[in-house]
Amino acid sequence: IASLEILCDKFIKLDLFRDEFGDWRTALFEDPRIAQDLAEWRDGFNSPRQGHMQIQVISMLFGWARSRGMTKANPTEAIKKVYSADRSGEIWLPDQVTAVLSESPEPLQWAIKLAVETGMRQGDLLTLPWSAISDLAIQTNTAKRNKRVLIPITDRIRSVLAEIPKRSPIVLTSSTSKPWTEDGLRSSFHRAKTRAKIKDLTWHDFRGTAVTRLYNSGLTLRDLSRVFGWSEAQIEAILTRYVSADEVAKNMLKRISAEHKRQTD
């Protein structure tokens, strides 16, 4: 079998897996390093439970294929089988971002910086057109849920966009001046992480980093919840952990004061 397309037709609930990996040769899944790609893909789902279920189905898929002599691959073996950990609380700290940027070629730096400042998922960043960016905001539909999102252009985002040459209708391009492929970006990012000696963080974890950046730029919990699709409680947990507790409390008191004034008026 040349690719996973035929195998995916045999199983239900594999549309998302097919979309992500359907054109990969099955031989690639015999490489133990594929576990990291699968783990990052799993962590990109709306809930840990949903990601865990997808991995279970993939495990069944390859078990079926192995039993029929189609492949020797068992790519899910090295992935933890629990889903109690919610990665929304995992973020890249400033020194870790600096480390991976220092090991990245310039086109990858642009992609990482935009991920850190906007919190957009990898797939959405790779297809983001310049036409979706105005002087004040990025407005686009997410690939995962076709949800319309609006991200205000902060000074940091504006600075990153100013670095990127407009050599394609798509914002992010590789060293070939053409839009990145998902496989190309994934491979380049993996090499940069390896050189930077960063093992426990994924591309998806840039979203938590972006929460702290956008909060410090003035967005409220409600704003951030709308942008990221997480509950306000999840957002607040990230901020309490990674932003000054005094700063979080100060902003909460401001909102309480504003609400009190509104009711009084």
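Buried means under 20% relative accessible area, exposed means over 50%, and partly exposed lies in between (1.4 Å probe, protein chains only). This is a predicted model: local features need pLDDT of at least 70, side-chain atom pairs count only at pLDDT 80 or more, and totals for chains, interfaces and linings use all residues. Residues are numbered from 1 along each chain as its sequence is written, and side-chain values use heavy atoms, without hydrogens and water.

**Aromatic contacts**

The whole structure holds 13 aromatic pairs. Rings of Phe, Tyr and Trp (its six-membered ring) pair if their centres lie within 6.5 Å; planes under 30 degrees apart are stacked, over 60 edge-to-face, and the rest tilted. W24 and F29 make a tilted pair, with 45 degrees between the planes. Both residues, W24 and F29, are buried. They belong to one aromatic cluster with F17, F21, W41 and F62. Elsewhere, the charged end of K166 sits over the ring of W130 (NZ of Lys or CZ of Arg within 6 Å of the ring centre and within 35 degrees of the ring normal).

| Contact | Distance to or between ring centres |
|---|---|
| W24 and F29 | 5.8 Å |
| K166 and W130 | 4.9 Å |

**G229**

G229 lies in the loop between α11 and α12 (232–242). Helices (H or I, at least four residues) and strands (E, at least two) are DSSP runs, numbered from the N terminus. G229 counts as partly exposed because its relative accessibility is 35%. G229 and V149 are 80 residues apart in sequence, yet 9.6 Å apart in space, C-alpha to C-alpha.
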